[in-house]
Amino acid sequence: MKIGELASATQTPVETIRYYEREGLLPAAPRSDGNYRIHGPEHVERLAFIRHCRALDMTLDEIRVLLGVKDAAGEDCGDVNALLDAHIGHVAARIRGLRQLERQLKALREQCTGVHDAAHCGILTGLAQAAPLPPAETMVGVHGRSPSRTPRKTR
């Protein structure tokens, strides 16, 4: 199948597929006489694996490790266990950070109990006051990325 068909079959944008190819996660597809990439069932399977890992918020490096072990079927899965244990730790840290963020937002929300003019809004006043920064772990994503820079789920 051509890349557009692979994209449709896996509900993955074409650019994401090309990105995974550039990153070495997907093997380069052979080319047709017309220079079109020809993808087979192995590409569909591998792309589904990658997307599932991304849905679990795994980094491309983590996925590379998993694919390396998967491709070497005779190896033991000790590295996979260690990788997943570490990932669970990252997720747990992020959850703690998000709980702290929720507490901060709720406390901020409690500063305004009614509708006031903007000059007397407790929330705006609270945001404008210099407050200590939250711990670093609450300001980053699962793998140390800023939440605003976390890659989209399609990658």
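Helix α3 (residues 41–55) packs against helix α4 (residues 60–71) at an angle of about 140°, and their axes are 10 Å apart. That angle makes α3 oblique to α4. Angles under 35 degrees count as roughly parallel, over 145 as roughly antiparallel, 65 to 115 as roughly perpendicular, and the rest as oblique. The axes are lines fitted to C-alpha atoms, for helices over the stretch in contact, with angles running from 0 to 180 degrees between N-to-C directions. The crossing of α3 past α4 is right-handed, a term used when the near helix is turned clockwise from the far one by less than a right angle.

This is a predicted model, in which local features need pLDDT of at least 70 and side-chain atom pairs count only at pLDDT 80 or more, while totals for chains, interfaces and linings use all residues. Residues are numbered from 1 along each chain as its sequence is written, and side-chain values use heavy atoms, with hydrogens and water left out.

On the α3 side, E45, R46, F49, I50, C53 and R54 meet L60, I63, L66, L67, K70 and D71 of α4. The residues of this contact divide into 7 nonpolar, no polar and 5 charged. Here Ala, Val, Leu, Ile, Met, Phe, Trp, Tyr, Cys and Pro count as nonpolar, Asp, Glu, Lys and Arg as charged, and the others, Gly among them, as polar. Contact means heavy atoms within 4.5 Å.

The chain as a whole has 6 helices and 0 strands, in the order α-α-α-α-α-α along the sequence. Helices (H or I, at least four residues) and strands (E, at least two) are DSSP runs, numbered from the N terminus. Of the 155 residues in the chain, 28% are buried. Buried means under 20% relative accessible area, exposed over 50%, and partly exposed in between, with a 1.4 Å probe and protein chains only. Among contacts between residues at least 6 apart in sequence, 53% join residues at least 24 apart.

Helix α2 (residues 14–22) has T16, I17, Y19, Y20 and E21 as its buried residues. These pack against α1 (3–10), α3 and α4.

H39 lies in the loop between α2 and α3 and is buried, with a relative accessible area of 2%. The side chain of H39 makes a polar contact with the side chain of E21 at 3.1 Å. A polar contact is a pair of N or O atoms within 3.5 Å; within protein, one must be able to donate a hydrogen and the other to accept it, and residues adjacent in sequence count only if both atoms are side-chain atoms. Leaving aside neighbours within four places in sequence, H39 touches M1, K2, I3, L6, E21 and A29.

Three residues with positive phi are listed below.

| Residue | Phi | Place |
|---|---|---|
| Q11 | about 50° | loop between α1 and α2 |
| G24 | near 80° | following α2 |
| N35 | about 70° | loop between α2 and α3 |

Q11 is not a glycine, and neither is N35. Q11 is exposed, with a relative accessible area of 66%.

Further along, R109 belongs to helix α5 (residues 78–109). A polar atom of the R109 side chain lies 2.4 Å from the backbone oxygen of C112. R109 and G122 are 13 residues apart in sequence, with a C-alpha to C-alpha distance of 8.1 Å.
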